[in-house]
Amino acid sequence: MATMESLIGLVNRIQRACTVLGDHGGQGMSLWEALPSVAVVGGQSSGKSSVLESVVGRDFLPRGSGIVTRRPLVLQLHKTDGGQEYAEFLHAPKKRLTDFAAVRKEIADETDRITGKSKQISNVPIHLSIYSPNVVNLTLIDLPGLTKVAVEGQPESIVQDIEMMVRSYVEKPNCIILAISPANQDIATSDAIKLAREVDPSGERTFGVLTKLDLMDKGTNALDVLEGRSYRLQHPWVGIVNRSQADINKNVDMIYARRKEQEYFESSPEYGHLAHKMGSEYLAKLLSQHLEHVIRQRIPSILALINKTIDELNAELDRIGRPIAVDSGAQLYTILELCRAFDRVFREHLDGGRPGGDRIYGVFDHQLPAALKKLPFDRHLSTKNVQKVVSEADGYQPHLIAPEQGYRRLIDGSITYFKGPADASVDAVHFILKELVRKSIAQTEELKRFPTLQSEIAAAANDSLEKFREESRKTVVRLVDMESSYLTVEFFRKLHLEPEKNQNPKDTNNSNIDRYSDNHFRRIGSNVNAYINMVCDTLRNSIPKAVVYCQVREAKRALLNNFYVQVGRREKEQLGQMLDEDPALMEKRSQIAKRLELYKSARDEIDSVAWK
């Protein structure tokens with residue numbers, strides 16, 4: 001089996017790596033939270049800082065009155081085989097501090113950097129690692145001291161703010177609570193015990209620490225607490241004797257202070273029988289042993305979380321895309337695959353499955369018929385205008401039988417009006433196709449990481465759509481011109497024969513007179529209108545066919561054909577520029593890759609260390 005030091009040391013390294021990568025969760029529990037750690041909780045002036053310094057064996061924490069700890073301090077202890085002790089801050093990587101007075105100053109300065117010189121607090125933690133042969137592997141979190149009232153310079157909400165911050169740590173199921181209470185106060189009033197009881201009613205996560213045993217009134221002792229009679233915990237209480245203020249002022253060595261502490265318990269008539277399980281050294285070993293036990297219990301759930309997260313990270317990498325190869329062949333292949341992915345989405349919009357294509361049908365079913373109905377045939381074929389056109393067509397000689405040139409001119413003039421709705425249909429479909437190109441680019445997941453390629457595909461697609469529009473415009477104009485270039489003669493023959501069937505022979509002599517009456521011109525206008533309606537029915541069907549053939553069909557079939565030709569001619573450097581990714585996405589992929597590497601490494605290390 002792995003040694004306790006190797007397993008807890010591994011957890012420390014993983015937690016530090018998580019911290020460096022900012023892997024503190026988000027959705028669900030993070031690996032950092034899944035790994036057990038020890039939160040140090042106590043009221044102000046309960047001796048928290050002294051306990052931490054005793055465990056570390058170094059004088060390194062800021063001191064003073066009021067709230068000294070104003071930001072959480074995540075303290076990771078790494079046991080070394082020897083060599084010089086040193087400390088490293090996460091916010092100042094690769095800067096080793098061997099002078100622990102400098103460590104104290106850096107903690108104070110870093111606290112002020114976030115909170116200012118005020119007495120405000122912040123939940124942004126400071127991360128400190130200490131490497132020493134005189135420590136056990138542990139992760140300790142020093143939290144601001146619980147308080148009951150706000151003092152001058154503090155907001156009224158400071159009491160609740162501190163409690164909420166402390167709760168955010170100790171409520172986590174993998175957090176071990178180190179509840180610090182001074183022996184010279186009634187345990188029933190202990191802020192730390194009160195909070196621990198609320199978040200850990202069974203007491204299985206709570207370790208009680210009694211400080212200031214040497215400051216109790218003469219004739220009193222804390223045996224009822226230490227032996228579990230006053231307040232029983234699942235784990236044994238540990239008594240601590242910290243350095244006196246005189247020792248602190250004289251900078252008494254912490255290792256020497258540990259020896260003095262042990263001598264105190266061994267020579268004490270009240271606590272002598274408990275000396276073997278009292279003191280800061282015993283506390284550190286007790287916590288380390290418990291931490292190792294908890295880690296072993298949690299290994300299956302930790303590995304399950306790691307495997308789940310690895311699957312999620314791989315899926316996320318697949319979604320945003322893996323790194324692109326650097327050779328031109330692979331880059332060209334990638335570009336073509338991305339173009340095909342876009343093309344699939346675009347076709348889905350046209351053929352169904354995605355919305356948008358139905359708007360093209362709306363142009364033909366609603367917009368075109370409505371535009372045709374609004375054409376000003378009533379004005380063009382009014383009796384007055386018909387008379388004017390027919391008269392001008394006759395010239396100085398009036399027509400003898402039927403005003404053929406007048407008919408042709410009226411029909412030509414009427415058919416010209418159809419060019420407007422035909423053009424409008426072409427433009428309407430063009431703008432719908434452009435919008436579908438924009439939507440398709442935005443909806444093609446594979447393209448999101450390549451803004452330059454998105455722009456080039458959009459430009460190439462829009463160029464093609466412009467060509468299709470011009471070809472479509474020419475075609476529908478030809479359809480209209482074809483209606484003018486050849487009239488359906490049979491239609492007018494039928495119109496000419498129908499009145500003759502009902503005509504009275506006696507009225508023959510009146511026909512020349514009627515030829516110049518309003519009724520005559522109204523009949524001509526009516527005949528032309530009937531023919532135009534027939535042409536309108538034809539164009540209502542043929543214009544959509546031409547537009548679909550020239551624009552929609554071509555957009556489906558050859559939208560990026562010219563782009564493919566251009567891409568095939570580009571050099572490697574140009575291909576690389578097309579695959580120039582969004583920097584934010586590149587950074588996201590890099591972070592995911594680092595997290596993936598961390599989790600895989602953690603899984604392998606936990607497997608190898610825990611079970612060998």
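A residue counts as buried under 20% relative accessible area, as exposed over 50%, and as partly exposed in between. By that rule Glu312, with a relative accessible area of 43%, is partly exposed, because its value falls between the two limits. The structure discussed here is a predicted model, and Glu312 offers a convenient point of entry, being found in helix 10.

Helix 10 comprises residues 280-320. A straight helix of 41 residues would span 60 Å at 1.5 Å a residue, yet the end C-alpha atoms of helix 10 are separated by only 51 Å. The helix also carries a kink of about 55° at Ile299, shortly before the proline Pro300. Just after the helix, Gly321 adopts a positive phi of about 105°.

Two residues of helix 10 may be placed relative to other parts of the chain. Glu312 and Leu596 stand 284 residues apart in sequence, and their C-alpha atoms are separated by 9.5 Å. Ala315, which also lies in helix 10, is 203 residues along the chain from Asp112, with 41 Å between the C-alpha atoms of the two. Ala315 counts as partly exposed because its relative accessibility is 45%.

The loop between helix 9 and helix 10 contains His276. This histidine has a relative accessible area of 60% and is therefore exposed. Its C-alpha atom is separated by 38 Å from that of Ser30, a residue 246 places away along the chain.

The interior of the model may be considered next. The structure holds two cavities of 30 Å³ or more. The largest of them has a volume of about 80 Å³. Its lining consists of Ser50, Ser54, Arg63, Val241, Asn242, Arg243, Met254, Ala257, Arg258, Glu261 and Ser280. Helix 3 (48-56) and helix 9 (254-267) each supply at least two of these residues, and helix 9 gives the most, with four. Sorted by class, the lining has three nonpolar, four polar and four charged residues.

The second largest cavity encloses about 40 Å³ of space. Arg16, Thr19, Val74, Gln76, Leu90, His127 and Leu128 line this cavity. Two or more lining residues come from each of helix 1 (4-20), strand 2 (73-79) and strand 5 (126-132). By class, this lining has three nonpolar, three polar and one charged residues.

Helix 3, already met at the largest cavity, merits separate attention. Nine of its nine residues are buried, so the helix is largely enclosed by the rest of the structure. The buried residues are Lys48, Ser49, Ser50, Val51, Leu52, Glu53, Ser54, Val55 and Val56. Ser50 and Ser54 also belong to the lining of the largest cavity. Just after helix 3, Gly57 takes a positive phi of about 85°.

The backbone before helix 3 raises a related point. Most residues other than glycine have a negative phi. Ser45, although not a glycine, has a positive phi of about 65°. This serine is found in the loop between strand 1 (37-42) and helix 3, and it is exposed because its relative accessible area is 61%. Lys94 likewise is not a glycine and has a positive phi, here of about 70°. Its place is in strand 4 (residues 92-97), and with a relative accessibility of 80% Lys94 counts as exposed.

Further along the chain, Thr444 lies in the loop between helix 16 (419-443) and helix 17 (451-485). Is this loop residue buried or exposed? Its relative accessibility is 1%, and Thr444 therefore counts as buried. Apart from neighbours within four places in sequence, Thr444 is in contact with Ala341, Phe342 and Val345.

Definitions and conventions: Residues numbered from 1 in each chain as written. Predicted model: local features only at pLDDT ≥ 70, side-chain atom pairs only at ≥ 80, totals over all residues. Heavy atoms only, no water. Expected span 1.5 Å × (residues − 1). Bend = angle between axes of the 7 residues up to and from the residue. Buried < 20%, exposed > 50% of the residue type's maximum accessible area, 1.4 Å probe, protein only. Contact = heavy atoms within 4.5 Å. 1 Å grid on protein atoms, 1.4 Å probe; cavity = no way out; pocket = protein on both sides within 12 Å on 5 of 7 lines; lining within 4 Å. Points joined across faces, edges and corners; volume = space filled by probe spheres on them. Nonpolar A, V, L, I, M, F, W, Y, C, P; charged D, E, K, R; others polar.
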